[in-house]
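User: Please take a close look at one part of this model, the surroundings of the ligand. Then set that part in the context of the rest of the fold.

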Amino acid sequence: MIMNTDILIVGSGVAGLYCALNLPENKNVVIVTKSEASKSDSFLAQGGICVLRDENDYESFYDDTMKAGHYENNPHSVDIMIRMSQEIIGDLVSYGVRFEKNGNEFTYTREGAHSRPRILFHEDETGKEITSHLLSVAKERRNIQLIENFTMVDLICHENRCEGIVGHDKDGNYKSIYADYTVLATGGIGGLFEHSTNYRHLTGDALALALKYGIELRHIDYIQIHPTTLYTKKNGREFLISESVRGEGAVLLNAKGERFVNELMPRDVVANAIFEEMKKEGSECVWLSMASIPEKEIRTHFPNIYNHCLEEGYDVTKEPIPVVPSQHYFMGGIDVDHSSKTSMDRLYAVGETACNGVHGRNRLASNSLLESLVFAKRAAENIIEIYDKSERKSYVEIDAEDYNGYQEKYRQWVLEAIEKEKRSHE
Ligand SMILES: Cc1cc2nc3c(=O)[nH]c(=O)nc-3n(C[C@H](O)[C@H](O)[C@H](O)COP(=O)(O)OP(=O)(O)OC[C@H]3O[C@@H](n4cnc5c(N)ncnc54)[C@H](O)[C@@H]3O)c2cc1C
């Protein structure tokens with residue numbers, strides 16, 4: 001089967017949805033997504049989204065981002081992200097997104113490696129608040145068609161020009177979707193790892209296709225481990241204990257009940273300290289105590305964490321909880337410029353699957369929703385600025401047999417490429 005559209009977006013997290021919403025209504029936009037639209041990491045974001053509070057905060061926001069990234073960040077990307085942050089928050093509020101307020105003023109929280117509070121939040125479900133609003137606005141737009149449970153398995157390429165994708169629905173029916181411009185917004189790679197906070201279906205499919213077609217990648221071994229996920233022996237996605245819990249005063253303890261690290265250091269530093277402590281003690285986890293946070297604050301600011309821990313048998317207002325580091329975020333990805341263009345013509349990449357260098361070697365907490373939104377908007381603006389109808393002379397036949405066993409093959413390609421990149425740094 002064949003389908004045609006003007007712009008095709010692969011992925012319905014914040015990056016894909018916001019890119020679609022920034023395209024004019026006279027363009028037909030198709031969004032395909034591998035699972036249900038509500039199953040993206042964007043829905044899981046707990047802590048919040050950074051914003052430049054005022055001009056006096058610029059230098060410190062910039063320095064915090066660079067320092068957390070070990071100064072391997074792209075300075076121009078960081079500047080763009082910070083400078084556009086207030087505009088993005090204004091857009092979100094206009095879509096109905098609610099951030100915590102005290103009277104008419106926003107309330108700001110803080111996470112590790114931030115030198116001052118500059119994070120907007122909605123309880124501990126900021127991602128759900130933002131993404132559900134973007135999704136409902138996108139569903140109302142007549143020019144946007146959302147196709148759920150459709151998995152991209154290939155790009156349609158001709159002489160380094162992207163003409164669309166090949167994919168299949170959940171019954172294995174294959175379809176080609178042709179487009180003038182294609183945007184990859186397929187999120188992270190947590191599904192490739194045994195322990196991750198990400199949805200299991202996020203397996204870096206766009207990276208596998210980038211490897212197949214020689215599309216440039218950057219820093220694909222820069223993978224963030226989150227220091228605190230709830231320790232459990234159950235299988236599946238690990239439950240995150242947001243860094244803002246530590247930002248509000250929670251402390252890490254070893255088996256003897258002693259603190260062993262400054263909890264507000266960057267994520268990689270804290271995760272390494274936990275691994276060291278676990279090794280020293282021969283334990284499978286360390287402990288996080290919220291004793292210093294007032295019970296009312298826990299229940300109002302962190303209701304999701306409070307309830308989830310209760311379901312797992314821990315009352316965080318009364319006892320420390322066991323935590324362990326897990327794979328969490330992908331700083332590297334498909335190499336893009338400041339307009340989110342990849343090295344292939346008519347192909348863009350946005351959100352966690354892309355790498356514009358904002359995060360350097362380690363992402364500063366709550367910068368990723370912001371980065372995804374900023375550079376998704378820039379992709380949409382660039383597509384419109386240069387829009388040129390694609391002249392398509394032929395359509396390629398799909399042979400479904402070509403894709404037998406693609407999942408395992410793609411997984412191997414991506415993991416091997418990450419290992420190779422790691423070795424090149426040794
Ligand atoms: C538990 C958790 C907490 C977090 N907390 C925060 C936070 O507080 N602040 C912050 O800034 N960031 C946070 N993050 C990170 C942030 O949520 C993500 O980086 C961001 O949402 C990524 O958005 P995205 O649109 O790029 O990808 P996602 O939201 O992951 O969306 C990816 C989309 O691509 C689709 N897809 C994937 N492969 C295919 C394919 N082959 N074919 C079709 N569709 C495909 C998926 O179905 C999905 O719709 C958190 C992440 C997690 C996991």
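Analyst: A residue counts as near the ligand if its C-beta atom, placed from the backbone, lies within 6 Å of it. The model is predicted.

Start with the shell. The ligand is surrounded by 42 residues. Gly-11, Gly-13, Gly-47, Gly-187 and Gly-351 are the closest. By class, 25 residues of the shell are polar, 13 are nonpolar and four are charged. Several elements contribute. Helix H1 (14-21), helix H4 (126-140), strand E8 (151-158) and H10 each supply at least two shell residues.

Now the cores. The largest nonpolar core holds 92 residues. Within this core, Ile-9, Cys-19, Val-183, Ile-334 and Val-350 touch the most other members. Helix H10 (residues 368-386) gives the most to this core, nine residues. H10 therefore appears twice, as it also supplies at least two residues of the ligand shell. A separate core has 24 residues, including Phe-239, Ile-274, Val-286 and Ile-298.

Ile-334 deserves a closer view. Leaving out residues up to four places away in sequence, Ile-334 touches Leu-184, Ala-206, Leu-207, Ala-210, Ile-215, Leu-217, Thr-342, Ala-349, Thr-353, Ala-354 and Cys-355.

Last, the domains. Domain 1 covers 2-222 + 331-424, and domain 2 covers 227-325. Their C-alpha centres lie 29 Å apart. The contact between them takes 21 residues from domain 1 and 21 residues from domain 2. On the domain 1 side, the contact residues divide into 10 polar, six charged and five nonpolar.

Key
Residues numbered from 1 in each chain as written. Predicted model: local features only at pLDDT ≥ 70, side-chain atom pairs only at ≥ 80, totals over all residues. Core = buried A, V, L, I, M, F, W, Y, C linked by C-beta atoms within 7 Å. Buried ≥ 20, exposed ≤ 12 C-beta atoms within 10 Å, placed from the backbone. Helix = DSSP H or I, 4+ residues; strand = E, 2+ residues; numbered from the N terminus. Contact = placed C-beta atoms within 7 Å. Domains from an automatic or database assignment. Nonpolar A, V, L, I, M, F, W, Y, C, P; charged D, E, K, R; others polar.
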